[in-house]
Amino acid sequence: MEDVDAAGLDFWSFVALANRRLAHEYGFRHQLATEVLLTLNRASDLVTYDLEAAVHRPRGRSWSAFRLLFVVWLAGPLEPTGAARLTGMSRAAVSNLVKTLVAEGMLDRVPDERDGRSVRLSLTEAGHEEMVSVFREHNEREFGWTNALTETEQRILVMLLGKLITSRAEFGARSRK
């Protein structure tokens, strides 16, 4: 077993260490897969944390609340099941957020005209105004993150991530419905 000075590790040296140890000590063969997904998760975590901390938390919103408001803003009115599918959240998480956002005056929850057992979510006027305002700041922050890449590189990254997402059925990956 390799001696490690954990205090001296940064993310990239940890990835290199993980790859060496997984291959040499444990015999795992797919180090590049590990490196890709460690890096993908790290990038996602960094971007999400930054957007939440810099843009949404100062306004009293969580990342999850923003995602739900964003989907309802642009795709709504829609049923909570559709909101869950589009946000990637569970139906229960959407239901809990809806209660809070309705109480705060950001969302309306009205019975569905076609199915009285269901409801439809839509933004209130205050919710709409907040989304237009917050997204201006959010979008500038997105640009700050992606500006490190050329437009072509950004399109390639979107294409590659899309390929990962659409190929998940080939090996039976689990996902929320």
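**A tour from helix α2 to the aromatic cluster**

Begin by selecting helix α2, residues 31-56: at 1.5 Å a residue its 26 residues should span 38 Å, and the end C-alpha atoms lie 36 Å apart, which agrees. Keep in mind throughout that this is a predicted model.

Staying with α2, display the side chains of Gln31, Asp50, Leu51, Glu52, Val55 and His56, which are the buried residues of this helix. To see what covers these buried residues, add α1 (11-24), α3 (63-75) and α6 (125-146), which are among the elements that do so.

Next, select strand β1, residues 107-111, together with β2, and you will find the two paired in the antiparallel sense over five bridges. Within this pairing, Asp108 stands opposite Ser122 of β2. Colouring β2, residues 119-123, by accessibility should show that four of its five residues are buried, so the strand is largely enclosed by the rest of the structure.

Now return to helix α3 and select Phe66 and Phe70, which, being four residues apart in that helix, are separated by about one helical turn. In an α-helix there are 3.6 residues a turn, so residues three or four places apart point the same way. The model contains six aromatic pairs. Phe66 and Phe70 form a tilted one, with 5.6 Å centre to centre and 35° between the planes. Is each of these rings buried or partly exposed? Phe66 is buried, with a relative accessible area of 5%, whereas Phe70, at 27% relative accessibility, counts as partly exposed.

Finally, extend the selection to Trp63, Trp73 and Phe135, which together with Phe66 and Phe70 form one aromatic cluster.

Note on methods:
Residues numbered from 1 in each chain as written. Predicted model: local features only at pLDDT ≥ 70, side-chain atom pairs only at ≥ 80, totals over all residues. Heavy atoms only, no water. Expected span 1.5 Å × (residues − 1). Buried < 20%, exposed > 50% of the residue type's maximum accessible area, 1.4 Å probe, protein only. Contact = heavy atoms within 4.5 Å. Pairing = 2+ DSSP bridges. Phe/Tyr/Trp six-rings, centres within 6.5 Å; stacked < 30°, edge-to-face > 60°.
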